[in-house]
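Hi everyone, thanks for coming. I'd like to walk you through a structure that's new to most of us, so let's put it up on the screen.

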Number of protein chains: 2
Amino acid sequence: MKKYLKILKKCPLFANIEDEDLLRMLKCLDAKIGSFDKKYTVFAEGSPAKYIGVVLSGSVQVIQVDYYGNRSILSVMGEGEVFAEAFACAELREIPVSVIADEPSDIMFIDSSHILHTCHNNCGFHQQLIFNLMKDLAVKTIMFHQRIEITSKRTTREKLLAYLAMQARRAGSNSFDIDFDRQELADYLEVERSGLSAEISKLRREGILENHKNHFELL
Amino acid sequence: MKKYLKILKKCPLFANIEDEDLLRMLKCLDAKIGSFDKKYTVFAEGSPAKYIGVVLSGSVQVIQVDYYGNRSILSVMGEGEVFAEAFACAELREIPVSVIADEPSDIMFIDSSHILHTCHNNCGFHQQLIFNLMKDLAVKTIMFHQRIEITSKRTTREKLLAYLAMQARRAGSNSFDIDFDRQELADYLEVERSGLSAEISKLRREGILENHKNHFELL
DNA sequence: TGAAGTATGTTGAATTTTCAACAAAAAGGA
DNA sequence: TCCTTTTTGTTGAAAATTCAACATACTTCA
């Protein structure tokens, strides 16, 4: 667990908790670590909403797959980020999404009941954890607002440009890499992969952007 | 304030707080009440993310309007429900949405800093409030998951049927009323109003549903 | 009640997306 | 390196959406 201390310190769930306290607390919370190869399932849709996940290394995708097999990528969580916390905190029985490893990843699992209900050791961190969880969930809510702002556009072109503009803002530069391959970007933007490829080519021909693989530059 | 006690008790923000404590606490939080006529703006996009809103009567819509004037309805909050809490909790400077009264509404405003930072009176409810806020935000996150599940469908028909199926589930019956007029439903589903009307007519002709105004029945 | 304003339904043309199929390019493994 | 697999780009036809315009129904309020 010690080797992940640097990541854990960046994790919003553990903000304002001292190093020495952190490891002790994780023991108290009975945190477990698991490793997942790329594409492997961390949580399957319908499994109990019992554990909160923390990405220690790698990254995971939170996805929904509907009746017809259409897949939506809801979010991508990277190192130090938390996932599946909303289902545990809202006390859903089952999680309504799947979580898969986007690359080889180490994941820490915390039984949510250890956070939500005061532990018998009465260690003093629950209040801080709850507060951190609240902030984390507020940030997640805003993340969904941003996603909806992008996907509510009506055309592939507008969705793509809105997405790229947001990535450029995040990167602080008009030149940046994106995390998605083409199919994944289509699943995030909720458009057709082939139409997305075509639109990228069109924007390039029009001189609006340049790109090579996953690197983009807005002109 | 007393006249709203019944509503406030239903409000998730005040769960597990005794009646007698509630009014005292609201005074401590310096809660204010405002009234808004239908269509009036409760919060304008870009205004400071300082206040948390609680619907005492009526209902509000949380909306985004993009550069081209396209309007998305993100959520509708009715009596006892909380809004704009995510922006305050995440400590955004400005709120990225607008909130408008959907009907004549009374709204309670609470300065978020009074909740997030321990008050000098050191009244004992902050921990419970933070916990309630966390739960509320978890539920909101799940609400967005559901919205995305609906709007990620590719056709007007699929979006509409997914929406109606969810409303039927919520109502516990195949016969139910919806809160939206046609334009609002289109803004929620992110489709064209005229196309939506056409699709409703088509589903009716196909014998898949019956409807009169805002009453629907799935057959 | 009547008039004005708003909401809903309908339609056809233009635009866009989806779908399927395939070619080309890139990545991975033996 | 060569072969296989995966990813990406391209294309045309079919399907669906958007847009604009208008008719009708419904509301509101004087």
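One bit of vocabulary before we start: when I say two residues meet, or are in contact, I mean that they have heavy atoms within 4.5 Å. And please keep in mind that this is a predicted model.

Okay, with that in hand, let's look at a pair of helices in chain B. Helix H5 of chain B covers residues 126-151, and H7(B) covers 182-189. Which residues of H5(B) meet H7(B)? They are Arg147(B), Ile150(B) and Thr151(B), and on the H7(B) side you'll find Asp187(B), Tyr188(B) and Leu189(B). Sorted by class, that contact has three nonpolar residues, one polar and two charged.

How do we describe a pairing like that? In general, for two packed helices you give the angle between their axes and the distance between the axes. Here the axes of H5(B) and H7(B) come within 9 Å and cross at roughly 95 degrees. Anything from 65 to 115 degrees counts as roughly perpendicular, so that's what we call H5(B) and H7(B).

Now, H7(B) brings us to the DNA. Both H7(B) and helix H8 of chain B, residues 193-205, supply at least two residues each to the surface near DNA strand C. Which helix gives the most? That's H8(B), with four residues.

Zooming out a little, 14 residues surround DNA strand C, and the closest come from both chains: Thr156(A) and Lys213(A), plus Arg182(B), Ser197(B) and Ser201(B). Of the strand C atoms that come within 4 Å of the protein, sugar and phosphate account for 69%. As for the protein side, the surface has one nonpolar residue, seven polar and six charged.

Let me point out a few phosphate contacts. The side chain of Lys213(A) puts an N or O atom 2.3 Å from a phosphate oxygen of strand C. For the side chain of Ser201(B), the corresponding distance is 2.4 Å. Glu192(A) uses its backbone instead, with an N or O atom 2.9 Å from a phosphate oxygen.

Last topic: how do the two chains relate? Chain B superposes on chain A by a rotation of 180 degrees, with 0.0 Å of shift along the axis and an RMSD of 0.0 Å. That's the relation of a two-fold axis. In chain B, the C-alpha nearest that axis belongs to Met134(B), at 2.2 Å. And 100% of chain B's interface residues are interface residues in chain A too, so the copies meet through the same surface.

Key. Residues are numbered from 1 along each chain as its sequence is written. Chains are lettered from A and ligands numbered from 1 in the order in which they are written. This is a predicted model: local features need pLDDT of at least 70, side-chain atom pairs count only at pLDDT 80 or more; totals for chains, interfaces and linings use all residues. Side-chain values use heavy atoms; hydrogens and water are left out. Copies are superposed by least squares on the C-alpha atoms of residues with pLDDT of at least 70 in both. A residue is near a molecule or strand if one of its heavy atoms lies within 4 Å of it. A polar contact is a pair of N or O atoms within 3.5 Å; within protein, one must be able to donate a hydrogen and the other to accept it, and residues adjacent in sequence count only if both atoms are side-chain atoms. Ala, Val, Leu, Ile, Met, Phe, Trp, Tyr, Cys and Pro count as nonpolar, Asp, Glu, Lys and Arg as charged, and the others, Gly among them, as polar. Axes are lines fitted to C-alpha atoms, for helices over the stretch in contact, and angles run from 0 to 180 degrees between N-to-C directions. Angles under 35 degrees count as roughly parallel, over 145 as roughly antiparallel, 65 to 115 as roughly perpendicular and the rest as oblique.
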